[in-house]
Amino acid sequence: LFSIHSSVLKDGADLPPVDSSLSEVNLGRFEFEVSDFFLFGSPLGLVLAMRNTVLPGLDVCQVRPACSQVYSFFHSADPSACRLEPLLEKRFHLLPPFSVPRYQRYPLGDGRSHQLGDALHNHSGLFLENSSLNIPFSQESPESPNTSDQPQGKTRKLSLGSTNSENSGSTESLPSACLTNITAKWWGTKRIDYALYCPDVLTAFPTVALPHLFHASYWESTDVVAFILRQVMRYESVNFKENDNLDPEALSLSNPREKWLRKRTHVKLRNVTANHRANDVIAAEDGPQVLVGRFMYGPLDMVALTGEKVDIFIMTEPSSGRWVYFDTEISNSSGRISYNIPEQKRLRVGVYPIKMVVRGDQSSAASYLTVLPRGMECVVFSIDGSFAASVSIMGSDPKVRAGAVDVVRHWQDLGYLIIYITGRPDMQKQRVVSWLSQHNFPQGMIFFSDGLVHDPLRQKTIFLRNLMQECHIKICAAYGSMKDISVYSVLALSPSQIYIVGRSTKKYQAQCQFLTEGYAAHLASLEFSLHSRPKKNNSRMILRKGSFGLHSQPEFLRKRNHL
């Protein structure tokens, strides 16, 4: 607080001297990234409004939460609830909060959009009118939903009605500068204030009793649960392009699909499900950054998406949760696209989520781009035979070997980049990633063979050798089954760096270390020996420490007859 006061009030403040140790207090961070943050009847708005009153120079937008989207639920009669939207953008006090649909009437939602882009587009006249006329705002607190008495509510409805009637005949749209100004300081890509159904009978209750009633109702309300589930299960469909030169119409999600470029595409894709995949990419800090995706439909890749538009989005600041539109590519005859990020747009060291969205049906492929400094140390895990205790991931869900997840997490905690490699064809990516995420394997880069290949071990060797030569990474340890020994030996790894799961054999005894007692015993020996140490290079990147996000469809594991 002292640092905030001193930065705002400058040298005119009579404040006690700040202790240097106090100013460097570690505020604490989660070891995972928060995507959605739900507030139930939170007085956060009151706190921020009070802070704004005491320190007028402090902008509320400076205290942006470290998450992708904030949702603030409240009942309009709750004395401790408060709106957040007018604090971020004053003109939002003229818009009512978004009312959460009743579950009894609309179990799947009522179809109204709560995207910020749609709200700005639908009420563009309201924002245009205020910005051009510079209407002075009253100094009362418009943030609190319960401070507005009945007459105030009527005037709010009147102003909304009048602006809507004015807008109905006009084709004016918000200028892109105004639009980007609002979206830049917004806490996500959707509306923030959500009003829950509040029966009239509650007005008879004493005010003191209301907070307790409301608090209990949040956990019992089917409206709240249904709304949260819709956000969590369908967040991938959000297609929010951030670009200054985009038409505001493009922000509207009411009709996101475009016509296919080729007439026959519609017929080819009838009754087949998408099985798109984009390769995880590792790039050197000063090298080219090339993204590759393949867009196929049907079991065993029966249909390739040919000659159609695919939009490329990259989350350039993963903590903000914002997808930035980079470019649109046309898929080739085998359903592939390749995109080389221009030199002026290249990303610095870090891990960046990528999404490639098919313009025609909004299906998508997700992956990661990892930009590494030279000399980055990593640990390689072969998925088949080392993680799964049963024969195939293609059958019913195979059991995971005991302690496997803990060993991977041990290496990740030491700061190593985790690389998962498999000889499986890339058409199985969604199934394999679903299996890894279901068993909470730590986040890592996954690499598959490009289609069906005759010699998957050779493919593994070529791939890892290219990584070592082009990206200058160092493999410090490698795990796999017996067939992987030849791969790791060719890469000049010493026997002390190769760990093989299974019974030891005399033939390979001198070439590797066998983990005959399983992963749990191996983890204990790692923790009490010098084999595993924190990585040497203090690289500037912060590797993702979470587990796999379920960006792939989890139902891939439930459909046993999928192929």
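Which residues, among them Arg-83, are linked in a network of salt bridges? The legends below describe a predicted model, and the answer opens the first of them.

**View 1. A network of salt bridges links Arg-83, Glu-85, Arg-191 and Asp-193.** Within this network, the side chains of Glu-85 and Arg-83 meet at 2.7 Å, N to O, and both of these residues are buried. A search of the whole structure finds 16 salt bridges, and two others are shown in Views 3 and 4.

**View 2. Helix H14 has a buried side and a face turned away from that side.** The helix comprises residues 456-470, and its end C-alpha atoms are 21 Å apart, which agrees with the span expected for 15 residues at 1.5 Å a residue. Its buried residues are Lys-460, Thr-461, Leu-464 and Leu-467; they cover an arc of only 130° around the axis, which puts them on the same side of H14. What covers them includes strands E6, E15, E16 and E18 together with helix H15, whereas the face turned away carries the exposed residues Arg-458, Gln-469 and Glu-470. After the helix comes His-472, whose phi is positive, near 60°.

**View 3. Lys-460 of helix H14 forms a salt bridge with Asp-484.** The two side chains meet at 2.9 Å, N to O. Because Asp-484 lies in the loop between E18 and H15, the pair ties together parts that are 24 residues apart in sequence. Lys-460 counts as buried at 6% relative accessibility, and Asp-484 counts as buried at 1%.

**View 4. Asp-450 and Arg-336 meet in a salt bridge.** The distance is 3.1 Å, N to O, and the pair ties together the loop between strand E17 and H14 and strand E12, parts that are 114 residues apart in sequence. Asp-450 counts as partly exposed at 46% relative accessibility, as does Arg-336 at 26%.

How values were computed. Residues numbered from 1 in each chain as written. Predicted model: local features only at pLDDT ≥ 70, side-chain atom pairs only at ≥ 80, totals over all residues. Heavy atoms only, no water. Helix = DSSP H or I, 4+ residues; strand = E, 2+ residues; numbered from the N terminus. Expected span 1.5 Å × (residues − 1). Buried < 20%, exposed > 50% of the residue type's maximum accessible area, 1.4 Å probe, protein only. Arc of directions from axis to C-beta. Contact = heavy atoms within 4.5 Å.
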